[in-house]
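Q: I'm new to this structure and would like a close look at just one part of it. Could you take me through the largest pocket and a strand worth knowing, in plain words?

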Amino acid sequence: QVQLVESGGGLVQAGGSLRLSCAVSSRAYSDAAMGWFRQAPGKEREIVAAIGATVGGGTYYAESVKGRFTISRDNAKNTVYLQMNSLKPEETAVYYCAARFLGGHSYYVSSLDYTYWGQGTQVTVSS
């Protein structure tokens, strides 16, 4: 059974930074496309960033986070990261990581494309 465990959430002031981590318990992690999503109260879950299974798979960022967030992965540690800078109060949400195996090299932006999900980590940005 594949497990994803997020960490790194917390309370930060507007303009601050946080780095989220997601550890994946699978030997096939390097073959997995990974994504970060977030869901605020009363809103639908939305894509934040995604990364393909290989270097050539590329990365994707939601327009609202371009230039401020960075997704990266460390295949030796079975971990994907989301560095978040210049955070805004409206980005307060539960952040989830997700994994899709055997999907080729590309990234995926729809939540429907992902098979495994973490439990989520709360990010609260105070004004």
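A: Here is a walk through the pocket, one residue in its lining, and then a strand. Keep in mind that this is a predicted model.

Let's start with the pocket. The largest one holds about 180 Å³ of space, and 13 residues line it. Lying nearest its centre are Arg-38, Lys-43, Glu-46, Glu-90 and Glu-91. Sort the lining by character and you get eight charged residues, three polar ones and two nonpolar ones.

Now zoom in on Glu-91. You'll find Glu-91 in the loop between β8 and β9 (93-101). Its relative accessible area is 3%, and buried means under 20%, so Glu-91 counts as buried. Leaving out residues up to four places away in sequence, Glu-91 touches Arg-38, Ser-64, Val-65, Arg-68, Phe-69, Ser-86 and Val-123. Arg-38, then, is both a contact of Glu-91 and one of the residues nearest the pocket's centre.

That loop comes after β8, so to speak of neighbours, follow β8 (residues 79-84) over to β3: six bridges join the two, and they run antiparallel. One of the pairings puts Leu-20 together with Leu-82 in β8.

Strand β3 itself covers residues 18-24, and it is largely enclosed by the rest of the structure because five of its seven residues are buried. β3 also pairs with strand β1 (residues 4-7), again antiparallel, through four bridges. There, Glu-6 stands opposite Cys-22 in β3.

Key: Residues are numbered from 1 along each chain as its sequence is written. This is a predicted model: local features need pLDDT of at least 70, side-chain atom pairs count only at pLDDT 80 or more; totals for chains, interfaces and linings use all residues. Side-chain values use heavy atoms; hydrogens and water are left out. On a 1 Å grid over the protein atoms alone, a cavity is a set of points where a 1.4 Å probe fits but cannot get out, and a pocket is an open set with protein on both sides within 12 Å along at least five of seven lines; lining residues have an atom within 4 Å of a point. Grid points are joined across faces, edges and corners, and a volume is the space filled by probe spheres set on the points. Ala, Val, Leu, Ile, Met, Phe, Trp, Tyr, Cys and Pro count as nonpolar, Asp, Glu, Lys and Arg as charged, and the others, Gly among them, as polar. Buried means under 20% relative accessible area, exposed over 50%, partly exposed in between (1.4 Å probe, protein chains only). Two strands pair if DSSP finds at least two bridges between them. Contact means heavy atoms within 4.5 Å.
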